[in-house]
Amino acid sequence: MVLPRPKAAATAVLASTLALALSGCFAAGDAGAAADDTRIKVAMMQPPRSGLTPLSDDAFKLSRWQAAETLVVLDEVGEAQPALATAWEQTGERTWTFELRQGVEFHDGTALTAKQVAASLETAANASPKPRILDGVELGIKAEGANTVVVTTEVADPLLPQRLSSPQLSILAASAYKSGGVVVPTGAGTGPYVLSSFDGTSSATLDRFDGYWGEPAAAAGVDVQFVPDGTARAAALRTGNADIVETIPVGQVAQIDPALVHEVPMPRTNTLYLNNDTGPFADPAVRAAAREAIERATVVERVYEGRADIAEGLLGPALPWAAAERANENYTEVLGNRAAPSVVKGTKITLGTFTDRAELPEVAVALEQQLEAAGFVVEQDVREYQHIEADALDGKFDAFILSRATVLDSGDPVAYMYSDFSCEGSFNISQFCDAEVDAALAKAAAVAPGGERRAAIAAAEALILSKDAAVPLLHERVIQGESARVRDVERDPRERALITNRTGIAD
């Protein structure tokens, strides 16, 4: 069932009320901060869940505010670039050596040393649970002298530098690490902004750090409010009560000056997974019939109001190299081997999805109409994600719609492809197993980051699509709001950066 959107008049009244409330929240912060026009006001969607510890997903907030830094960062194609480490090399099959940037000072005034870097990484490696980037990864870490850290992996790992770019592996001062495994990042990072205070799940205050090793921050500070309500976030941008707004709902965009709205492609693909093991879709020709029945453009236009990208593959425009790889002859040749669709008449299928992402039930309605027009008889099953995941993974559905992140913390899509499309994949909703695909994924995983690895990833994608293991529908975008008075806000598909040392108030 498609739920109606709120009527415009009611929405406007609610938005105005929430905007006033949010204005009071910003004004209720530090009096000096509120009066300073060189400070940036930010409305973020999700409050911290774990006290802003970097060992949780809260680490991405510290990264987006530039309050904590990692040894390396990723460029737009996912390759490692210097940050707190200026150079690194693989000195053995399982050994990497990192040279640290000299002259770096933590926010508490202590110096960045190899000993403290090793201690930060050891804390993450020994945490329970581990940061997800280290799931199944065993590291040995030691300091060599004042400025060198040696990291040893249990098995050869060509992606180790990319792993160390994860915000969950941020390097903090010794003062951040408390008894009982508690990590408190206040005043303990190395970025251009120091986290001065945070108030549970309501707000955070950051100030320019004058001792920063790089270019100083352009703004005097950042005042953050956590605003889960999308209508309130949109109202805050429209009324000037926030300079930067994270994730504006599609339904609110029409009420905002288009000049303030910026769409950022996300490494997230809405995909129709087809059960390759049992039921009607065990037949490749029936899978092909479903693939041919899907009208992606209609879903993008009607459900997402045009604010998504039609999927041509599993990997979308957030990975800027993917489209070029799909243009090569080998990719096209492999796709040419797909099964021809059979004629479908009265074939019954179950279609599942979940309510946690508001658009997915609407997507299910659209796909039901398209599949039934092709001759399928569709029965929908829509529940909360926590109540449907186990059935999806057990193959209880013939088809399942999922919004899936295609790159994890390493910035590389091989882990996602292994999880979803290898014989031993832990998230294999398609119940898919193909020796040729497994071999292609193993080849891609063994190649060092760079052009050769990207080509191997594209070859694996082509094989997966040629088997109709899944039908990619669309690539999501996040809608970011920026007021006219703010400049140089980062628009990052990986959601690791938002405010940088360049972000400031426009002249």
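Which residue does a disulfide join to Cys-423? In this predicted model, the partner turns out to be Cys-433, with the two sulfurs 1.9 Å apart. A search through the whole structure turns up 1 disulfide. For anyone new to the term, a disulfide is a covalent bond between the sulfur atoms of two cysteines. Here the link between Cys-423 and Cys-433 is right-handed, with 90° about the S-S bond. Both cysteines sit in the loop between α13 (414-421) and α14 (435-446), so the pair ties together parts that are 10 residues apart in sequence. As for how much of each cysteine shows at the surface, Cys-423 has 26% relative accessibility and counts as partly exposed. Cys-433 comes in at 55%, which puts this residue in the exposed class.

Elsewhere in the chain, two strands pair up. Strand β6 covers residues 139-144 and strand β7 covers residues 148-153, and they run antiparallel to each other over 6 bridges. One of the pairings matches Ala-143 with Val-149 in β7. The two strands make a hairpin, with 3 residues between them. In that turn, Gly-145 has a positive phi of about 75°.

The hairpin strands come up again with helix α4, which takes in residues 114-125. This helix has 12 residues and spans 16 Å from its first C-alpha to its last, close to the 16 Å expected at 1.5 Å a residue. Quite a list of its residues is buried: Ala-114, Gln-116, Val-117, Ala-118, Ser-120, Leu-121, Ala-124 and Ala-125. And what covers them? The cover over the buried residues of α4 includes β6 and β7, along with β5 (95-100).

Terms used:
Residues numbered from 1 in each chain as written. Predicted model: local features only at pLDDT ≥ 70, side-chain atom pairs only at ≥ 80, totals over all residues. Heavy atoms only, no water. Pairing = 2+ DSSP bridges. Helix = DSSP H or I, 4+ residues; strand = E, 2+ residues; numbered from the N terminus. Disulfide = S-S within 2.5 Å. Buried < 20%, exposed > 50% of the residue type's maximum accessible area, 1.4 Å probe, protein only. Expected span 1.5 Å × (residues − 1). Contact = heavy atoms within 4.5 Å.
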